[in-house]
Amino acid sequence: MKNRIYRIGYEWVSKRELLERLFMTDCILIEHKRMHPPPEDQDTELPPEKEVHAVLVRSQRRPGEWVTFNGLYEVQSREPIPWIDSPLEYHQFGVELIPGNMRREKAPQGRIPARTKLQIAAVRQDTVFVTVPGHPSRRYEMSLAHARFAKDNPTELEMKLQVYAFPPRNDIFVDWLLKEGRKSGIVTRPNQERVEKSAFQVWEDLRQEYGISVSAALIAIKQALIVLDRAGVETDFPYPAQERSDLSLFSESEREAFYSYQSVRCAMAAVAALLTIDPKDPLQDTLLMDIMLEQQINRRRE
């Protein structure tokens, strides 16, 4: 009976049983809380169907998510938690984190060991705000350049998308874009050297080439990939960095990847020229708002 500490409905259940009822495997339950605790002055209990619980789950495949469900074990929402899995240790100076292999005149006040999962709270300009396990009420800040020591070196595009993925959105495009962006392929450099790159890395290069903001780039990429998706192009993106008129030597999947690369390139060029597109879904709305704010800031600077 000692382990049955989670009261759900009229029952007390253990950690394992709770996860089983939520149909979750290979998970660890980190935190469990009632969303609306009953008022202390009332003795009456809430009926089970009105109780709402939030559970923070860490799993091997996904680093963490909030699962909200009611007392009848119906999962109501799942929120992916954006995070940085850093191979480095960080030194803490007040609320600022810097990699432990960098020197500072002042002695650090604390040390955050390597392989600590840092949860991304927000990304503003070149600063990433993170929360650290065990310090839930404090936000630490680190520069975007230092955050890139993280696993798989997330680009600015990917980090912004991760922030859009939390809290969860009704449109499916955030998860889909993240999945598409993490696909990798071989890019041939002008000196014929073949390098494996993720789509995010290629998109980031294109974004810088056209000099557009992250939000504008995301709009362009989303539109291009939707068109390709409807056309039935399914392959690991990207492929060639150099343009060739004769694609007959390539295999079919390489040709499809080439066209997907070119279509994203064209979409970025179009957005760079127009910086506007008809909003069709909530994500697009948010991105357009970001672009408008960026344009206003740029005008003020000029």
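Is Arg 104 buried, exposed or partly exposed? With a relative accessible area of 40%, Arg 104 is partly exposed, and the legends below place this residue and others in a model that is predicted.

**View 1. Confidence of the predicted model along the chain.** The mean pLDDT of the protein is 78, and 81% of its residues reach 70 or more. Confidence is lowest in strand S7, residues 83-85, where the mean is 71, and highest in strand S8, residues 90-93, where the mean is 91.

**View 2. Strand S8 and its two antiparallel partners, S9 and S10.** Strand S8 is joined to strand S9, residues 96-99, by four bridges in an antiparallel arrangement, and S8 also pairs in the antiparallel sense with strand S10, residues 110-112, over three bridges. His 91 has a bridge partner in each of these strands, namely Ile 98 in S9 and Arg 111 in S10. From S8, the residues Tyr 90 and Gln 92 point one way, while His 91 and Phe 93 point the other way, and all are buried. S8 and S9 form a hairpin with two residues between them, and Gly 94, which is in the turn, has a positive phi of about 65°.

**View 3. Salt bridges of Glu 89 with Arg 111 and of Arg 104 with Glu 96.** Glu 89 forms a salt bridge with Arg 111, and the closest N and O atoms of this pair are 3.0 Å apart. The pair links distant parts of the chain, since Glu 89 is in the loop between S7 and S8 whereas Arg 111 is in strand S10, 22 residues apart. Glu 89 is partly exposed, at a relative accessible area of 27%, whereas Arg 111 counts as exposed because its relative accessibility of 53% lies above the cut-off of 50%. In the other pair, Arg 104 forms a salt bridge with Glu 96, the closest N and O atoms being 3.2 Å apart; Glu 96 counts as partly exposed, at 30% relative accessibility.

**View 4. The salt bridge between Arg 21 and Glu 11, and the network around this pair.** The side chains of Arg 21 and Glu 11 meet in a salt bridge, with an N to O distance of 3.0 Å. Arg 21 lies in helix H1, residues 15-21, and Glu 11 in strand S2, residues 11-13, so the salt bridge ties together parts that are 10 residues apart in sequence. Both residues are partly exposed, Arg 21 with a relative accessible area of 23% and Glu 11 at 36% relative accessibility. Arg 21 and Glu 11 also belong to a network of salt bridges in which they are linked with Arg 4 and Glu 17. The count of salt bridges comes to 14.

**View 5. Surroundings of Lys 197 in strand S15.** Lys 197 has its place in strand S15, residues 194-198, and its side chain makes a polar contact of 3.1 Å with the side chain of Asp 205. Lys 197 and Val 187 are 10 residues apart in sequence, and their C-alpha atoms are 6.7 Å apart in space.

**View 6. A nonpolar surface patch that includes Met 289 of helix H8.** Met 289, Met 292 and Leu 293 make a nonpolar surface patch of about 290 Å². Met 289 has its place in helix H8, residues 282-301, and is partly exposed, with a relative accessible area of 46%.

Terms used. Residues numbered from 1 in each chain as written. Predicted model: local features only at pLDDT ≥ 70, side-chain atom pairs only at ≥ 80, totals over all residues. Heavy atoms only, no water. Patch = residues over 30% accessible without salt bridge, like charges linked within 9 Å, V, L, I, M, F, W, Y side chains within 5 Å. Areas by Shrake-Rupley, 256 points an atom, 1.4 Å probe, with all protein chains shown as cover. Salt bridge = Lys/Arg side-chain N within 4 Å of Asp/Glu carboxyl O. Buried < 20%, exposed > 50% of the residue type's maximum accessible area, 1.4 Å probe, protein only. pLDDT = per-residue confidence, 0-100. Pairing = 2+ DSSP bridges. Polar contact = N/O pair within 3.5 Å; in protein donor to acceptor, adjacent residues only side chain to side chain.
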